[in-house]
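Student: Hi! Could you walk me through this structure while I have it open?

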Amino acid sequence: MSVRTLPLVFINLGGEMLYILDQRLRAQNTSEDNSEKGVWSENDRKRVMNDIVGTMYSKAFMDELLKPQQLYSHRTMKTVLTRLAHTSIMRLNPASMDRLYELMVMAFKYQVFLCPRPKDLLLISYNHIDTIREFVKDTPMVVNQVDETHRKIIEVYSSLSDGEFQLLRQTLLIFFQDMHVRVSLFLKNQVQNPNGRFALSTSGPVPHGIDVPGLIKTFDSKGREVRRSEFPTGGSYSSPIREGCFELHGDRVIRLGMNMYTVNHPEETHTSKAPSVKRDDTPNLLAKEELNLLARLMGSMKAENKPKAETGFRINLFTTDQEEEEAGASCGAEESLFGVINIQAMQDEQAATELARIAGEFKEQQEQPENPSGNKGDDLLAMMDDL
């Protein structure tokens, strides 16, 4: 596992989050003075962008993020990004944040799949940074923060070898491997199958520095070419495009990582779960207590209990019920196709007793002096409380 994966994951997922928030806030922007309850003005949108980007690219936060460390779990990553979103005047309900995180992950997963070379992951990240810089272009102080972070990213990653970039890409693929959420934009463009898996093309330009496949050259002992033969490639490949710019400013050439959402197409941010497992929606009180315990360990409850000097705006990013209805209908139609497994989380009293015992051990550990090493993500979460 690469210890240099976390900064790229955070920058790219954070960039996708800002794309979606910007698109949704623009779509709801129908008033200049925000005089109507629940209506966002253009000034509110800019303030949200500046607040989130200012926290995301703060020096202390990025210095902590750039330390060599293992990649966080999805749960911890979502907790950090939720806290990041709530550093602004905006407040997202849990359902909106869950769906927002799914969109972010699936978008970045698709970009990693299409990335021509492992090193080009940097170009994807730079496309996100370039677009974020444009979001806050009217606030010089925040722009300087973005530029400084960009310089640090260049400094840290420019010295990595091809093997290290390949390890980084493999770490990302492991991180994404269990995420198969259907996104309406991908389904509409026929790049995603109904089961949530991507349909990759076998055509297009080859990566920079690579020859177009289909030709076999034979050489003699003196290194002279003596014969050529061709073989079917199973695809339609073309010559590579020029290499993108890896500097602070320049043409990145590849479009992966650029903003793919528009105000005129709010349905592009719809998601639905791939049909695989039928869930039992009966509330599990023990599971709730375990999640609350985890939240306390990571400090999120402590932050939520702090008095707020300013009342924030609540926003539901996904306001229509059409998606849920469509998802329910499609899941019902496809259950027989993909197969459904009904999993009962707590099958007997013995299992419940064992889980209660484990939860009790967690509580005992919480009362003991803190471990200097802490949990993964604790340092970032604590730092966000201070920003």
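Tutor: Happy to; we can start with the whole chain, then turn to one helix and some salt bridges. Keep in mind that this is a predicted model.

Student: Sure. How many helices and strands does the chain have?

Tutor: There are 14 helices, along with 10 strands.

Student: And what share of the residues is buried?

Tutor: Of the 387 residues in the chain, 42% are buried. The chain exposes about 21300 Å², and carbon and sulfur atoms supply 51% of that area.

Student: What about contacts along the sequence?

Tutor: If you take contacts between residues at least 6 apart in sequence, 78% of them join residues at least 24 apart.

Student: OK, let's pick a helix. What is the reach of α8 from its first C-alpha to its last?

Tutor: Helix α8 runs over residues 162-176, which is 15 residues, and spans 21 Å, close to the 21 Å expected at 1.5 Å a residue.

Student: Which residues of α8 are buried?

Tutor: Those are Phe165, Leu168, Thr171, Leu172, Phe175 and Phe176. They lie on the same side of α8, because the arc they cover around the axis is only 135°.

Student: And what covers them?

Tutor: The cover includes several helices: α1 (6-27), α4 (74-85), α5 (94-114), α6 (121-135) and α7 (140-157).

Student: Switching to charges now. How many salt bridges are there?

Tutor: The count comes to 19. A nice one to look at is Asp22 with Arg45, whose side chains meet at 2.6 Å, N to O. That pair links distant parts of the chain: Asp22 sits in helix α1 and Arg45 in helix α2 (residues 42-56), 23 residues apart.

Student: Are those two buried or exposed?

Tutor: Asp22 and Arg45 are both buried. They also belong to a network of salt bridges that links them with Arg26 and Glu42.

Student: Got another buried pair for me?

Tutor: Try Asp120 and Arg117, both of them buried. Their side chains form a salt bridge at 2.9 Å, N to O.

Student: And where do Arg151 and Glu148 lie?

Tutor: Both are in helix α7, three residues apart, or about one turn of the helix. Their side chains meet in a salt bridge at 3.7 Å, N to O.

Student: Why does Arg151 count as partly exposed?

Tutor: Because its relative accessibility is 43%, and partly exposed covers the range between under 20% for buried and over 50% for exposed. Glu148 is at 37%, so Glu148 counts as partly exposed too.

Definitions and conventions:
Residues numbered from 1 in each chain as written. Predicted model: local features only at pLDDT ≥ 70, side-chain atom pairs only at ≥ 80, totals over all residues. Heavy atoms only, no water. Helix = DSSP H or I, 4+ residues; strand = E, 2+ residues; numbered from the N terminus. Expected span 1.5 Å × (residues − 1). Buried < 20%, exposed > 50% of the residue type's maximum accessible area, 1.4 Å probe, protein only. Arc of directions from axis to C-beta. Contact = heavy atoms within 4.5 Å. Areas by Shrake-Rupley, 256 points an atom, 1.4 Å probe, with all protein chains shown as cover. Salt bridge = Lys/Arg side-chain N within 4 Å of Asp/Glu carboxyl O.
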